[in-house]
Amino acid sequence: MKIAIAGKKTETANYVHFLRSMQITPVVTLNMDEISLCDALLLPGGGDITPAFFGEQNHGSRNIDTELDIRQLLAFDLALKSRQPVLGICKGMQIINVGLGGKIIQDLPPFVLPRHCYDNGDKYHISVIKHHSWMYELYGESTLVNSAHHQALGCLGQGLSAIQYCPQDGCTEAFAHETLPIMGVQWHPERIDYAKSGTDGRKILNYLVSLIRKAPPIVR
């Protein structure tokens, strides 16, 4: 089984290790032909998305790589058209949202930010999970997650439903697509500390694998 990681090799080591730990072959690439030959797409974390891609000027976005954004949005569009299973993590979740016409909150307000922004390591906080969702099947009604973001989802893209959120501020922590094998998490299952959180990030990857096995053959 091969999963494409749409990113740069210098920035995706955690994701490569995450896949290999589950005996999955990672393919780090921004080449559309290589992505199309894989069984699923993983959109990794990273900097902020170019605000113009969701129709706004810059109001606090930083660490922008427009060329990378273009390639990741193209990769998502390719997966969308071929019904390839997709997992977005942190920025990757936001790429999915923007790719489906959603918006991004470019800079969380000061009273929210300390619970989420990466500063001397991940921030851990409780999250609440919607019943009867794929996330509920994995973790039950709540779990601790590791935050590392100063942005959040605004208006959700077409077909997406929020299924996990921070009860203190309402930030969306996970979503599901209503009809397609597309999912996203704002936290980081590839590096979450199980000893600290009691949350096993590998369950996310196992769920993606289950979607791959259920999916019809990808249209090449």
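Helices, of at least four residues, and strands, of at least two, are DSSP runs numbered from the N terminus. With these names in hand, the structure, which is a predicted model, can be followed element by element. Asn63, for example, lies in the loop between β3 and α3.

The sheet is a good place to begin. It is an open sheet of 9 strands, in the order β2-β1-β3-β4-β11-β10-β9-β6-β7, and its pairing is mixed. The edges are taken by β2 and β7 (142-147); each has a single partner strand, so one side of each has no neighbour in the sheet. On average, neighbouring strands are turned by 25 degrees against each other, direction ignored.

Strand β3 shows the parallel part of this pairing. It pairs with β1 in the parallel sense over 3 bridges, and Ala4 has Leu41 of β3 as its bridge partner. Towards β4, 3 bridges join the two strands, which again run parallel. Here the bridge partner of Leu41 is Val86 in β4. Both faces of β3 are covered: Ala40 and Leu42 are buried on one side, and Leu41 and Leu43 are buried on the other.

The antiparallel sense appears between β6 (residues 123-129) and β9 (residues 160-165), which pair over 2 bridges. In this pair, Val128 stands opposite Tyr165 of β9.

Several helices are packed against the strands. Helix α3 (residues 66-82) lies across β3, β4 and β11, and runs at about 150 degrees to β3. Helix α4 (residues 91-99) lies across β3, β4, β9, β10 (172-177) and β11, at about 120 degrees to β4.

Helix α1 has a buried side and an exposed side. Its buried residues are Tyr15, Val16, Phe18 and Leu19. Seen down the axis of α1, these residues fall within an arc of 160 degrees, so they line one face of the helix. An α-helix has 3.6 residues a turn, so residues three or four places apart point the same way. On the other side of α1, Ala13, His17 and Arg20 are exposed. The cover over the buried residues of α1 includes β1, β2 (25-28), β3, β4 and α7.

Helix α7 takes in residues 202-214. At 1.5 Å a residue, its 13 residues should span 18 Å, and the end C-alpha atoms are 19 Å apart, which agrees. Its buried residues are Ile204, Leu205, Tyr207, Leu208, Val209, Leu211 and Ile212. Among the elements that cover them are β1 (2-5), α1 (13-20), β3 (40-43), β4 (86-89), α5 (134-139) and β11 (182-185).

Two loop residues have a backbone angle worth noting. Gln23 is found in the loop between α1 and β2. Its phi is near 60 degrees, a positive value in a residue other than glycine. Gln23 counts as exposed because its relative accessibility is 66%, the cut-off being over 50%. Asn63, in the loop between β3 and α3, also is not a glycine and has a positive phi of about 50 degrees. With 64% relative accessibility, Asn63 counts as exposed.

The cysteines come last. How many disulfides does the structure hold? There are 0 disulfides. Cys117 is in no disulfide, and the nearest cysteine sulfur, that of Cys90, is 10 Å away; a disulfide would need the two sulfur atoms to be within 2.5 Å. Cys38 has a relative accessibility of 1% and therefore counts as buried, since buried means under 20%.

Methods
Residues numbered from 1 in each chain as written. Predicted model: local features only at pLDDT ≥ 70, side-chain atom pairs only at ≥ 80, totals over all residues. Heavy atoms only, no water. Buried < 20%, exposed > 50% of the residue type's maximum accessible area, 1.4 Å probe, protein only. Expected span 1.5 Å × (residues − 1). Contact = heavy atoms within 4.5 Å. Arc of directions from axis to C-beta. Pairing = 2+ DSSP bridges. Axes fitted to C-alpha atoms, helices over the stretch in contact; angles between N-to-C directions.
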